[in-house]
Amino acid sequence: LRSRSPGRARHINASRRACLVARFCFIYAQERFDAEALLRTYISDMETVQRIIYTAAVESFYAAKMAYWKFKIQVKEALALRHSGPESLEDAVLDYIVCHKDAYDVHASVKEVIHSMNINPKISFPPEIDFIVLSTLIQELCCLAFSMQTLVPPLDVAFGIDGELFNETKYYRNSDSDFTAAFVAYHIWPALVEDDVVIVKGEVVTKR
């Protein structure tokens with residue numbers, strides 16, 4: 001019997017996690033604002049701008065997770081034919097994906113995100129402009145989300161809906177909020193979670 005030793009990806013899981021969480025925070029702190037400034041040249045309403053960016057973030061994570069799931073199945077089927085250890089097949093698959101993230105077709109995911117945003121009834125965009133202007137931000141988010149799926153456990157963004165009860169362990173209130181309001185009017189940025197535990201708070205606007 002071969003020993004089930006952990007693969008390289010698991011050994012460096014903590015350092016990869018720290019880097020990816022830091023990247024998520026940087027996108028929130030800097031690249032989100034760059035995207036807001038870009039959209040404000042086309043859209044005067046700040047709420048619409050913030051709703052669009054939030055939707056882009058959530059859809060990017062969804063598209064990347066679906067792409068990872070499909071890629072993992074392909075890798076597992078290929079490695080199963082010749083895998084003999086010493087690590088488990090699951091660890092071998094994880095190691096392969098971590099080492100070959102460049103094989104992820106991020107441009108296909110960007111197209112999927114833009115398509116989903118175009119048919120999303122909660123956001124609107126001037127007809128003379130396309131959501132493709134956010135391609136850079138979407139690509140960054142897709143690559144980040146894909147890499148986060150290689151962690152054990154994976155990281156994801158929390159599900160949020162307009163009108164949900166404000167949760168201070170999950171969100172920060174934006175300065176435009178009514179700080180006495182108990183419900184979320186709309187979301188600005190999603191929370192990052194690990195096994196349903198919030199590790200980075202999101203941002204919302206609360207109003208009565």
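**Notebook: a hairpin, its sheet, and S88**

I looked up V193 and found that V198 in β5 stands opposite V193. The model is predicted, so I kept in mind that local features need pLDDT of at least 70 and side-chain atom pairs count only at pLDDT 80 or more, while totals for chains, interfaces and linings use all residues. Residues are numbered from 1 along each chain as its sequence is written, and side-chain values use heavy atoms, with hydrogens and water left out.

I then followed β4 (residues 192-194) and β5 (residues 197-200), strands being DSSP runs of E with at least two residues and helices runs of H or I with at least four, numbered from the N terminus. These two strands pair in the antiparallel sense over three bridges, where pairing requires that DSSP finds at least two bridges. They form a hairpin with two residues between them, and D195 in the turn has a positive phi of about 55°.

Next I traced the open sheet, whose three strands run in the order β1-β4-β5 with antiparallel pairing. Because β1 (155-157) and β5 each have a single partner strand, they stand at the edges, and one side of each is left without a neighbour in the sheet.

Last, I turned to S88, in the loop between α3 (46-80) and α4 (89-99). S88 is buried, with a relative accessible area of 10%; buried means under 20%, exposed over 50%, and partly exposed in between, using a 1.4 Å probe and protein chains only.
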